[in-house]
There are 2 protein chains.
Amino acid sequence: MAKQMYTLRDIPKYATIRACAARYPEIDPASSAACVLLLRVASDILAAIDDYLSSHNFSQGRWTVMMLLYRAPGTPLNPCDLADRAGVTRATMTGLLDGLEREHLVAREPVPADRRMLEVRLTDKGRQALDEAMPGYFRLIRRLTAGLNTEEKEGLMELLTKLGATAMAEPEKEPGPCMEAAKT
Amino acid sequence: MAKQMYTLRDIPKYATIRACAARYPEIDPASSAACVLLLRVASDILAAIDDYLSSHNFSQGRWTVMMLLYRAPGTPLNPCDLADRAGVTRATMTGLLDGLEREHLVAREPVPADRRMLEVRLTDKGRQALDEAMPGYFRLIRRLTAGLNTEEKEGLMELLTKLGATAMAEPEKEPGPCMEAAKT
DNA sequence: ACGCGATAATTAGTGTACTAACTATCTGGT
DNA sequence: ACCAGATAGTTAGTACACTAATTATCGCGT
């Protein structure tokens, strides 16, 4: 039921990596091993989450939209906001909203002040569906991370933050024009 | 050029998570924050890699196949092996091999001993394409992980291994029938 | 020797995210 | 006042991975 595997299942042994390094001197075995392992674990977690979500008729993308709307109950968001925050294109967001609206989980409403824009909000049915899926979702998250105690989780987050700061430095992702404040 | 974002771009603040926890007692804020961050960082790294690979006309899937074949130069692999190791279905592997074969990067050959099977091997052109892409690939990996020193990388791997052991415990993935030894 | 169940590869059809191009609307400079 | 360029949302077409069903082959038990 998990929709996609995001990376190599059969991860290379450390010895294999070192053997390759003999031929390609650019290889730093520790870096490669860390990357591969990171992607592997992330992929497993994502697969478990996808699996759970699909049992509630959500995909990763649809769920993300619902969570974003839930997080901003007062301020209705427009599709462009949602796309930026979810990290998908506006075209993809159109498709996600089409699906969610068809099932009456969200509603699109015109904005009189700017007729190019729409406002998206959760319907009662959407809120209800979220309420049904949330507890299991967070139980799953807790279960998936049960292998680490609180200290280790903090240590992991610290390392990931450092790693992310470098990795994120280069893609040069602008926040997008319609990404004004409205922090949640 | 990066093909997909795998998770939320606008990650929630810790305060937001705690606020949700008031409504959904199942939430363990540390677990959720760690998961979200892990997926976020993995997604960034994967995007950077995809970006690089696509500049060499490889996708993640196609690259994985090439690497697997490179790792097993003596023993030709069949599509089923490759699918298991890459973590995709055999149907997907058919498609990947179709593409790679069309560009003469790999070749499919019949196996006389078992006429159901094929053997896949790198062509000279494939090996050459790999040789061209490899150095940049590993330079990228090294650059992406440059934020951590060797000790931190080891610490990260230790934590990820622990985490993965729990997360991986449940999907109940059998190795697949044609996954005999032949370790590399 | 034969046939049933298992396995390998493929094909057909679906879902999701992408890019590029399009329409409608807004805004700021002359 | 008006128009060029920016922005919001959509549509059309592509890519890739999935499931399910199909075809061919193999191998074991009787």
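**Close-up views of a predicted two-chain model**

**View 1. Asn57(A) in its loop.** Asn57(A) is exposed, because 12 other C-beta atoms lie within 10 Å of its own (a residue is exposed at 12 or fewer such atoms, buried at 20 or more, and partly exposed in between, with C-beta atoms placed from the backbone). This is a predicted model, in which local features need pLDDT of at least 70 and side-chain atom pairs count only at pLDDT 80 or more, while totals for chains, interfaces and linings use all residues. Residues are numbered from 1 along each chain as its sequence is written, and chains are lettered from A in the order in which they are written. Asn57(A) sits in the loop between helix H2 (29-55) and helix H3 (60-71) of chain A (helices are DSSP runs of H or I with at least four residues, strands are runs of E with at least two, and both are numbered from the N terminus). Although Asn57(A) is not a glycine, its phi is positive, at about 65°.

**View 2. The side of chain A that touches chain B.** Here 65 residues of chain A are in contact with 65 residues of chain B, where contact means that the C-beta atoms of two residues, placed from the backbone, lie within 7 Å. Among the elements that give two or more residues to this side of chain A are H2, H3 and helix H4 (79-86), and H2(A) gives the most, with 17 residues. Because 98% of the interface residues of chain A are also interface residues in chain B, the copies meet through the same surface.
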